[in-house]
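Let's walk through this one together, starting with the whole chain and then stopping at a handful of residues.

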Amino acid sequence: MTYDFAGTLDGVTGVNAPIYHHGWGSDGFSLDDCVNAWLDGGGTQNQIYIGLPFYGCSYGSASGLKQPFEAADMKGFSIDEGTPQYFNIVSE
């Protein structure tokens, strides 16, 4: 699984599915880290499938990355209960 690395359980906003570590938080939570851990553990490249999330994480009262927030943004994405689906993100 290469997504859900950041969300409303964290203390600050983050990237849902970062390709590389975004510079804060725990190491090991990026696509690159997951692939390398799999390969280091003996897995082969042809055994790797990368998941792509077609949804986002919303953060109420946040103005950017690594910012504190109150909760999921229920005002802007109430139809998705604070976890915006791809088609609703595109329509915004």
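## A walk through the chain

Tyr3 makes a good starting point: with 24% relative accessibility, Tyr3 counts as partly exposed. Keep in mind as you look around that this is a predicted model. Tyr3 belongs to the segment before helix 1, the helix that covers residues 31–40.

Before going further into that corner, zoom out for a moment. The protein chain has two helices and zero strands. Its C-alpha trace spans about 45 × 25 × 15 Å along the principal axes. Of the 92 residues in the chain, 25% count as buried. The accessible surface comes to about 6300 Å², and carbon and sulfur atoms account for 54% of that. As for how the chain meets itself, take the contacts with a separation of 6 or more: 50% of them are between residues 24 or more positions apart.

Back to Tyr3, then, for some examples of who meets whom. Setting aside neighbours within four places in sequence, Tyr3 is in contact with Asn16, Ala17, Gly51, Leu52, Pro53 and Tyr55. You can also use Tyr3 as a ruler to another part of the chain: Thr83 is 80 residues away in sequence, and the two C-alpha atoms are 13 Å apart in space.

One of the contacts of Tyr3 is Asn16, and that residue deserves a stop of its own. Asn16 also sits in the segment before helix 1. Is Asn16 buried or exposed? Its relative accessible area is 10%, and under 20% is the cut-off for buried, so Asn16 counts as buried. What does its side chain reach? One target is the backbone oxygen of Tyr55, at 3.5 Å. A polar atom of the Asn16 side chain also lies 3.1 Å from the backbone nitrogen of Asp4. Not counting residues up to four places away in sequence, Asn16 touches Tyr3, Asp4, Phe5, Ala6, Pro53, Tyr55, Gly56 and Cys57.

Asp4 has a backbone quirk worth checking. Most residues other than glycine have a negative phi. Asp4 is not a glycine, yet its phi is positive, at about 65°. Asp4 is in the segment before helix 1 and, at 40% relative accessibility, counts as partly exposed. Lys66 is another residue to check for this: it is not a glycine either, and its phi is positive, near 60°. You'll find Lys66 in the loop between helix 1 and helix 2, where it is partly exposed with a relative accessible area of 46%.

Now for the cysteines. How many disulfides does a search of the whole structure find? The search comes back with zero. A disulfide is a covalent bond between the sulfur atoms of two cysteines. Why is there no such bond at Cys34? The closest cysteine sulfur to that of Cys34 is in Cys57, and it is 15 Å away, which is too far for a bond. For reference, the sulfur atoms would have to be within 2.5 Å to count. Looking from the other end gives the matching answer: the sulfur of Cys57 has its closest cysteine sulfur in Cys34, at 15 Å, again too far for a bond. Cys34 is partly exposed, with a relative accessible area of 25%. Cys57, which came up above among the residues that Asn16 touches, is partly exposed too, at 27% relative accessibility.

The last stop is helix 2, which takes in residues 86–91 and includes Asn88. Asn88 has a relative accessible area of 15%, so it is buried. Its side chain joins that of Asp80 through a polar contact of 2.7 Å. Leaving out neighbours within four places in sequence, Asn88 is in contact with Phe77, Ile79 and Asp80.

Tyr86 is found in helix 2 as well, but it counts as partly exposed, at 46% relative accessibility. Tyr86 is one of the residues in a nonpolar patch on the surface, alongside Leu52, Phe54, Phe87 and Val90. Together these residues have about 590 Å² of accessible area. Leu52 brings us back to where we began, since Leu52 is also among the contacts of Tyr3.

Definitions and conventions. Residues numbered from 1 in each chain as written. Predicted model: local features only at pLDDT ≥ 70, side-chain atom pairs only at ≥ 80, totals over all residues. Heavy atoms only, no water. Helix = DSSP H or I, 4+ residues; strand = E, 2+ residues; numbered from the N terminus. Buried < 20%, exposed > 50% of the residue type's maximum accessible area, 1.4 Å probe, protein only. Polar contact = N/O pair within 3.5 Å; in protein donor to acceptor, adjacent residues only side chain to side chain. Contact = heavy atoms within 4.5 Å. Patch = residues over 30% accessible without salt bridge, like charges linked within 9 Å, V, L, I, M, F, W, Y side chains within 5 Å. Areas by Shrake-Rupley, 256 points an atom, 1.4 Å probe, with all protein chains shown as cover. Salt bridge = Lys/Arg side-chain N within 4 Å of Asp/Glu carboxyl O.
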